[in-house]
Amino acid sequence: MGSSTRIGDRIGRLIVAPEGAVIVGDMLSLKVCQALAAALEPRPDRNGVVSDSGNSPSDLYTAGGLFRALGGSHDLRIVDPDAVADAVDESVAVVLLTEVDYRTGRCHDMGALTATAHAAGALTAWDLAHSAGAIDVDLAGCDVDFAVGYTNKYLNGGPGSPGVIFLSEALIDEVRPELSGWLDHEAPFAFDLDFRPDPGIGRMRIGTPPVLALAALDAWEGVEMADVRARSIELSERLIAGVEASCPTLDLASPRNPDKRGSQAAFRHPEGYAVMQALIARRVIGDFRAPDLIRFSITPLYLEEADIDRVVEILGEIMATDGWDTPEHRKRKAVT
Ligand SMILES: *Cc1c(COP(=O)(O)O)cnc(C)c1O
């Protein structure tokens with residue numbers, strides 16, 4: 001039962017959150033819904049929620065569903081990633097952003113945008129799905145209010161591994177959980193009919209922790225995020241240099257400056273889908289993201305130079321020989 005806060009604290013160290021501010025459990029969409037619902041509550045006089053077109057569509061769907069449940073008076077304003085700061089005014093209750101763009105790896109400036117939101121009296125809810133375990137995140141230093149993340153992406157927990165939620169110290173006593181389960185109660189085994197929230201982050205737990213999935217996260221014991229980030233940059237720079245040298249028809253879609261890039265490298269090609277299928281057929285598993293991106297995620301806990309060099313070699317061979325250009329590789333599958 002203690003694993004949701006024990007592993008929460010371990011992840012908290014990677015994203016610079018104090019002890020007792022992070023808890024794990026449930027799928028990410030549920031955590032997004034929980035954070036957004038709680039963030040809206042202290043600002044009943046404001047109906048604006050700002051997000052951007054670089055956010056995961058999934059988070060925007062979640063927000064839309066929540067707004068319907070809340071009566072339909074909220075207004076989701078989806079702007080260009082560069083226009084977020086300008087869109088924050090005194091009608092905005094919450095700024096809901098994913099820090100690292102899932103397609104290109106472009107990073108938002110979390111500190112600056114959080115300060116902009118606070119100056120307008122808005123709260124922030126940051127999605128760290130592509131940041132936690134991928135880049136240096138400093139939730140405390142950026143004064144973030146709410147954050148969510150996912151152990152199944154760069155924290156390497158694998159599919160089925162749960163979501164994460166963080167609450168700032170200032171909010172932890174105030175937040176009333178909207179999706180309460182019995183384990184959010186201050187005395188769950190009293191089985192009282194009235195709900196009294198746990199005094200700490202336990203109020204965001206919802207249910208029984210997925211202990212088998214959480215056991216995989218022991219891989220992070222004793223790991224320093226700064227070391228992971230340094231390796232991630234080394235490996236992604238190697239990948240980008242190698243691909244650019246051997247594949248002139250692929251264009252880098254990720255920021256070239258590693259400080260502005262998550263732990264991923266994406267390249268554009270008009271036949272990106274078929275290129276990725278050709279890679280997968282040769283046992284290099286990356287992703288295709290519409291309309292034209294092939295994406296490689298760099299996870300230093302289990303990748304090294306030899307893996308990167310193999311990807312470069314295999315991709316170079318596919319591009320040089322048009323190895324992607326077959327009916328089989330063009331055939332669209334359910335998962336890309
Ligand atoms: C992966 C991801 C999701 C989807 O999470 P699921 O549990 O697979 O539904 C939602 N939001 C963001 C930002 C993601 O990266």
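**Figure 1. Glutamate 41 and its salt-bridge partner.** In this view of the predicted model, let us start with glutamate 41, which is partly exposed at a relative accessible area of 30%. Its partner is arginine 176, and the two form a salt bridge in which the closest N and O atoms are 2.4 Å apart. The pair links distant parts of the chain, 135 residues apart. Glutamate 41 sits in the loop between α2 (28-40) and β2 (48-52), while arginine 176 belongs to the loop between β7 (163-167) and α7 (211-215). Arginine 176 counts as exposed because its relative accessible area, 56%, is over the 50% cut-off.

**Figure 2. A salt bridge between two helices.** Here the side chains of arginine 238 and aspartate 309 meet in a salt bridge, with 2.8 Å from N to O. Arginine 238 lies in helix α8 (residues 225-246) and aspartate 309 in helix α10 (residues 305-320), so this salt bridge ties together parts that are 71 residues apart in sequence. How accessible are arginine 238 and aspartate 309? Arginine 238 is partly exposed, with 37% relative accessibility, and aspartate 309 is also partly exposed, with 33%.

**Figure 3. A salt bridge with a buried arginine.** This close-up shows aspartate 287 and arginine 295, whose side chains meet in a salt bridge at 2.9 Å, N to O. Is arginine 295 buried or exposed? With 7% relative accessibility, arginine 295 counts as buried, because that value is under 20%.

**Figure 4. A network of charged side chains.** Some salt bridges join up into a group. Asp52, Asp101, Arg103 and Arg106 are linked in such a network. Side chains of opposite charge can pair when their charged atoms come close. For a wider picture, a search of the whole structure finds 24 salt bridges.

**Figure 5. Where domain 1 and domain 2 meet.** The protein is divided into domain 1 (3-220) and domain 2 (225-329). The contact between them takes 18 residues from domain 1 and 22 residues from domain 2. Taken over C-alpha atoms, the centres of the two domains are separated by 30 Å. Together the domains bury about 1600 Å² between them, and 60% of this is on carbon and sulfur atoms. On the domain 1 side, Arg103, Thr104 and Tyr154 lose the most area to domain 2, and together they make up 32% of what that side buries. You may recognise Arg103 from the salt-bridge network in Figure 4.

**Figure 6. What kinds of contact cross the interface.** How many salt bridges are counted between domain 1 and domain 2? The count is 0. Polar contacts do cross the interface, where 9 residue pairs are found, both partners at pLDDT 80 or more. Sorted by class, the side of domain 1 that touches domain 2 has 9 nonpolar, 5 polar and 4 charged residues.

**Figure 7. Glutamine 264 and its polar partners.** Our last stop is glutamine 264, found in strand β9 (residues 264-268). Glutamine 264 is buried, because its relative accessible area of 0% falls under the 20% cut-off. Which side chain does the side chain of glutamine 264 touch in a polar contact? The partner is tyrosine 154, at 3.1 Å. Tyrosine 102 takes part through its backbone: the backbone oxygen of tyrosine 102 lies 3.1 Å from a polar atom of the glutamine 264 side chain. Tyrosine 154 also appeared in Figure 5, among the domain 1 residues that lose the most area to domain 2.

Conventions: Residues numbered from 1 in each chain as written. Predicted model: local features only at pLDDT ≥ 70, side-chain atom pairs only at ≥ 80, totals over all residues. Heavy atoms only, no water. Helix = DSSP H or I, 4+ residues; strand = E, 2+ residues; numbered from the N terminus. Buried < 20%, exposed > 50% of the residue type's maximum accessible area, 1.4 Å probe, protein only. Polar contact = N/O pair within 3.5 Å; in protein donor to acceptor, adjacent residues only side chain to side chain. Domains from an automatic or database assignment. Contact = heavy atoms within 4.5 Å. Buried area = accessible area lost by both parts, 1.4 Å probe. Nonpolar A, V, L, I, M, F, W, Y, C, P; charged D, E, K, R; others polar.
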